[in-house]
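Here is my note on the model, set out as numbered points. Please read each one with the structure open beside you.

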Amino acid sequence: MVPTFKIAVLAGDGIGPEVMAEAIAVLQRCAEIDKFDIDLNESLVGGAAIDATGKALPEDTLSNCERSDAILFGSVGGPKWERLPPKQQPERAALLPLRKHFNLFANLRPAICLPELSAASPLRPDLVQGGFEILCIRELTGGLYFGQPKGTHEEHGETVAIDTMVYRRSEVERIAHLAFGIAKVRKRKLVSIDKANVLENSLLWRSVVNEIASSYPEVELTHLLVDNAAMQFIRAPKAFDVAVTENLFGDILSDELAILTGSIGMLPSASLGTGYHGYYRFGLYEPSGGSAPDIAGMGIANPIAQILSVAMMLRYSFDLNDTAARIESSVRKTIAEGFRTRDIHSEGTRLVSTKEMGAEIRSNLGRAPSLKASSSMPDQ
Ligand code: NAD
């Protein structure tokens, strides 16, 4: 039987709708080629939803997501809504509640530096020659951002601010299983990043990761302290494959890795939940960047991050590894042919619009060989 995948499409603000249109067109073409059905349901989110309904995450949008197997998200926010009270601002009032509601505990951000774009990296050419890809897996719902007590109070005549870092064994176990499961079907190399020389949390983290490692003997596990990891990523990015870490460290390191690739417009992301809808692992898929208000409406945004978010959705929620690889190889081919949006354009390459880039990637889909996936859905 041909499966039907139900997808909530939340394009959001700024460049969101422009890049989403290209990503959806790629998805529709893949569905034709690889013969699966998609049921797409669009909803408002972010600033667009505030303008229409007064809320960044209206009930209709949330119930559309609840009825779906995955969420394809664009981006939210922009100057128009920046003056709203912090709690009503698009990112805080839409994205964070979605993460919480669906218990999206794992954030996957691949830092992909294609060989043809290695000149865009701020690193020395000999360090990035041939490109690199590091998948950063960040625990998203625990640690310092959510631990209690949290707050600011007066004590002996001065102001004191408290944040608490808390991890439970079960939280470390589930992210470790996910990371090992993903590493197992990639290059079988996993680095776990912590601060075990100082933090109790990290001692627990390291001992749980070591325990889980015994279930994945084929994966080579190493540990790095977070300060050393920050240096090693810069010194030798090609030495890494999959990295797993807790919330705060992952927040910082995933941005460091993003800038090492040279272009935020190329980078997708996935936030995976604990929930399964039938067979499908629920997830939210979005570009790593924001709504880019400085270029919104100009037709020049790079749609690749959104298109590769579709590939991640097919791989991690729907187990369509060959179709995901089809999209990824089509993107690589299009870049190798010299097509560039403005953010990655350099002399000697062909400057194209958002729509033209989307069209080139689509036209390469049919021709692109359906390569074996470089990464796949974990066993869990
Ligand atoms: P941004 O990522 O939107 O933009 C940073 C720079 O990268 C800009 O110069 C932009 O033009 C460029 N850029 C980003 N994506 C691009 C693409 N696909 N193609 C070409 N260039 C691209 O970050 P910012 O300027 O800090 O934030 C802008 C707005 O986005 C803010 O309102 C912020 O709150 C919001 N934001 C939303 C999300 C989200 O929805 N997940 C994430 C980050 C920021």
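1. Buried area is the accessible area, found with a 1.4 Å probe, that two parts lose on being put together, summed over both. With that in mind, and remembering throughout that this is a predicted model, please look at how domain 1 and domain 2 meet: they bury about 1400 Å² between them, and 64% of this area is on carbon and sulfur atoms.

2. The two domains themselves come from a domain assignment, which gives domain 1 as residues 1-105 together with 265-380, and domain 2 as residues 122-261. Taken over C-alpha atoms, the centres of domain 1 and domain 2 are 25 Å apart, and where the domains touch, 16 residues of domain 1 are in contact with 16 residues of domain 2.

3. How many salt bridges does the rule find across the interface of domain 1 and domain 2? The count there is zero, while one residue pair, with both residues at pLDDT 80 or more, is in polar contact between the two domains.

4. On the side of domain 1 that touches domain 2, strand 4 (104-113) and strand 11 (268-277) each supply at least two residues, and strand 11 gives the most, with three residues. The residues on this side of domain 1 divide into six nonpolar, seven polar and three charged, a division that you can follow by colouring the model by residue type.

5. The ligand deserves a separate look, since 20 residues are around it, of which Val 76, Glu 91, Gly 290, Ala 292 and Asp 294 come nearest. Glu 91 places a polar side-chain atom 2.5 Å from an oxygen atom of the ligand, and Asp 294 has an N or O atom of its side chain 2.9 Å from a ligand oxygen atom. In Ala 292, by contrast, it is a backbone N or O atom that lies 2.8 Å from an oxygen atom of the ligand.

6. Side chains of opposite charge can pair when their charged atoms come close. By the rule used here, the count comes to 18 salt bridges, and one to examine is that of Asp 51 with Lys 80, in which the closest N and O atoms are 2.6 Å apart. This pair links distant parts of the chain, 29 residues apart, with Asp 51 in helix 2 (residues 47-53) and Lys 80 in the loop between strand 3 (70-75) and helix 4 (90-101).

Conventions: Residues are numbered from 1 along each chain as its sequence is written. This is a predicted model: local features need pLDDT of at least 70, side-chain atom pairs count only at pLDDT 80 or more; totals for chains, interfaces and linings use all residues. Side-chain values use heavy atoms; hydrogens and water are left out. Domain bounds come from an automatic or database domain assignment. Contact means heavy atoms within 4.5 Å. A salt bridge is a side-chain nitrogen of Lys or Arg within 4 Å of a carboxyl oxygen of Asp or Glu. A polar contact is a pair of N or O atoms within 3.5 Å; within protein, one must be able to donate a hydrogen and the other to accept it, and residues adjacent in sequence count only if both atoms are side-chain atoms. Helices (H or I, at least four residues) and strands (E, at least two) are DSSP runs, numbered from the N terminus. Ala, Val, Leu, Ile, Met, Phe, Trp, Tyr, Cys and Pro count as nonpolar, Asp, Glu, Lys and Arg as charged, and the others, Gly among them, as polar. A residue is near a molecule or strand if one of its heavy atoms lies within 4 Å of it.
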